[in-house]
Amino acid sequence: LIGNEITPKVNRNNAISARQKILITLRYLASGPIQLNDSDLHKVSQPTVSRVLTRVIDVLSTPDIRWLLTPYLATQNAEEGYN
């Protein structure tokens, strides 16, 4: 869904794959704002984690992506009793 938006544009030795960017972001969102833990776990620097988070969260915040997620979120909220 967002792979094309976060796939590295250049083929460098240490380019982070779209999959790894998503994993870094999910780990950060699940565990809280401690980027240093994510950098240790994924063996990248803290500044790299920061850049990854900024890019992936920006892409997830675009109107196209929010529109696609809306039916899913509405269903989840209804099932959990949120209106």
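Helices α2 and α4 pack at an angle of about 95 degrees. Their axes lie 9 Å apart. Angles of 65 to 115 degrees count as roughly perpendicular, so α2 is roughly perpendicular to α4. The model is predicted. It holds 5 helices and 0 strands.

**The α2–α4 contact**

- From α2, the contact is made by Lys-21, Ile-24, Thr-25, Tyr-28 and Leu-29.
- From α4, Val-49, Val-52, Leu-53, Val-56 and Ile-57 take part.
- α2 spans residues 18–31, and α4 spans residues 46–60.

**The nonpolar core**

- The largest nonpolar core has 12 residues in all.
- Ile-2, Ile-6, Ile-16, Ala-18, Ile-24 and Tyr-28 are among them.
- Val-44, Val-49, Val-52, Leu-53, Val-56 and Val-59 also belong to this core.
- Two elements, α2 and α4, give two or more residues to the core.
- The largest share comes from α4, with 5 residues.
- Ile-24 and Tyr-28 of α2 appear both in this core and in the contact with α4.
- On the α4 side, Val-49, Val-52, Leu-53 and Val-56 likewise belong to the core and to the contact with α2.
- In soluble globular proteins, nonpolar side chains tend to be buried together.

**The salt bridge**

- The structure holds 1 salt bridge.
- The side chains of Arg-55 and Glu-5 form it, at 3.6 Å from N to O.
- The pair links distant parts of the chain, 50 residues apart.
- Arg-55 sits in helix α4, while Glu-5 sits in helix α1, residues 3–6.
- Arg-55 is partly exposed, with a relative accessible area of 38%.
- Glu-5 is also partly exposed, with a relative accessible area of 43%.
- Both values fall between the cut-offs of 20% for buried and 50% for exposed, so Arg-55 and Glu-5 each count as partly exposed.

**The whole chain**

- From the N terminus on, the elements run α-α-α-α-α.
- The protein has 83 residues, and 25% of them count as buried.
- Among contacts with a separation of 6 or more, 43% join residues 24 or more positions apart.
- The protein exposes about 6,300 Å².
- Carbon and sulfur atoms supply 54% of that exposed area.

How values were computed
Residues are numbered from 1 along each chain as its sequence is written. This is a predicted model: local features need pLDDT of at least 70, side-chain atom pairs count only at pLDDT 80 or more; totals for chains, interfaces and linings use all residues. Side-chain values use heavy atoms; hydrogens and water are left out. Helices (H or I, at least four residues) and strands (E, at least two) are DSSP runs, numbered from the N terminus. Buried means under 20% relative accessible area, exposed over 50%, partly exposed in between (1.4 Å probe, protein chains only). Contact means heavy atoms within 4.5 Å. Accessible areas come from the Shrake-Rupley method with a 1.4 Å probe; for residues, only the protein chains shown count as cover. A nonpolar core is a set of buried Ala, Val, Leu, Ile, Met, Phe, Trp, Tyr and Cys residues joined through side-chain atoms within 4.5 Å. A salt bridge is a side-chain nitrogen of Lys or Arg within 4 Å of a carboxyl oxygen of Asp or Glu. Axes are lines fitted to C-alpha atoms, for helices over the stretch in contact, and angles run from 0 to 180 degrees between N-to-C directions. Angles under 35 degrees count as roughly parallel, over 145 as roughly antiparallel, 65 to 115 as roughly perpendicular and the rest as oblique.
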